Amino acid sequence: MATVELLFSALPEHVRTARLVAAAVARRSGVDETALDEVRLAVGEACSRAVGLHVGHGLDTPVRVRLTEGEKAFRIEVGDDVPAVRGPGYGSGNEDGAEGDDESDLGLAVISGLVDDFEVTADEHGGLIRMSWPITPASLA
């Protein structure tokens, strides 16, 4: 299982680089060409969300992106260091722990429309968005 890890400063200009790297690794991993735009858009939304959360909470830690090629799926994880807030919105459609941030919620809605296998988790250490796409075995490509 091949893995590429990316760490970048929480600056909007680095989101484009993450999108490009994700699309290149997805293509190399066997993700269907028709899904590459979805990969780019979903990674862009997830990274933009993480950057916004870091900036909004005054964090200077990097945003984390992990790209993993499995036997049957290509997985992407985008992590932030913003602790989950367990308040009135927690567990009621606000699983990411964000404090009712409309822009963040919109980004998650966009991602859920692009990715069938999508999960958002958060704990006291930060949040994680997991996404995956099926890969085409080399013999069928």
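These legends accompany close-up views of a predicted model.

**View 1. Helix H2 from end to end.** Here we follow helix H2, which covers residues 36-56. At 1.5 Å a residue, its 21 residues should span 30 Å, and the end C-alpha atoms are indeed 30 Å apart, so the expected and modelled spans agree. H2 is followed by Gly-58, a residue with a positive phi, near 65°.

**View 2. The buried residues of H2.** Take a look at the side chains along this helix: the buried ones include Leu-36, Val-39, Ala-42, Val-43 and Ala-46. Charged or polar names also turn up in the buried set, among them Arg-49 and His-54.

**View 3. The largest nonpolar core.** This core has 32 residues, and those with the most contacts inside it are Val-31, Phe-74, Ile-76, Val-78, Met-131 and Trp-133. Elements giving two or more residues to the core include strand E1 (2-8), helix H1 (15-29), strand E3 (73-79) and strand E5 (126-134). H2 gives the most, with eight residues. In soluble globular proteins, nonpolar side chains tend to be buried together.

**View 4. The surroundings of Val-31.** Zooming in on Val-31, you will find that it touches Ala-26, Leu-36, Val-39, Phe-74, Trp-133, Pro-134 and Ile-135, leaving aside residues up to four places away in sequence. Of these neighbours, Leu-36 and Val-39 are among the buried residues of H2.

**View 5. Glu-45 and its partners.** Glu-45 sits in helix H2 and is partly exposed, because its relative accessible area is 29%. Beyond residues up to four places away in sequence, Glu-45 touches Gly-107, Val-110 and Ile-111. Glu-45 and Ala-109 are 64 residues apart in sequence, yet their C-alpha atoms are 9.7 Å apart in space.

Terms used: Residues numbered from 1 in each chain as written. Predicted model: local features only at pLDDT ≥ 70, side-chain atom pairs only at ≥ 80, totals over all residues. Heavy atoms only, no water. Helix = DSSP H or I, 4+ residues; strand = E, 2+ residues; numbered from the N terminus. Expected span 1.5 Å × (residues − 1). Buried < 20%, exposed > 50% of the residue type's maximum accessible area, 1.4 Å probe, protein only. Core = buried A, V, L, I, M, F, W, Y, C linked by side-chain atoms within 4.5 Å. Contact = heavy atoms within 4.5 Å.
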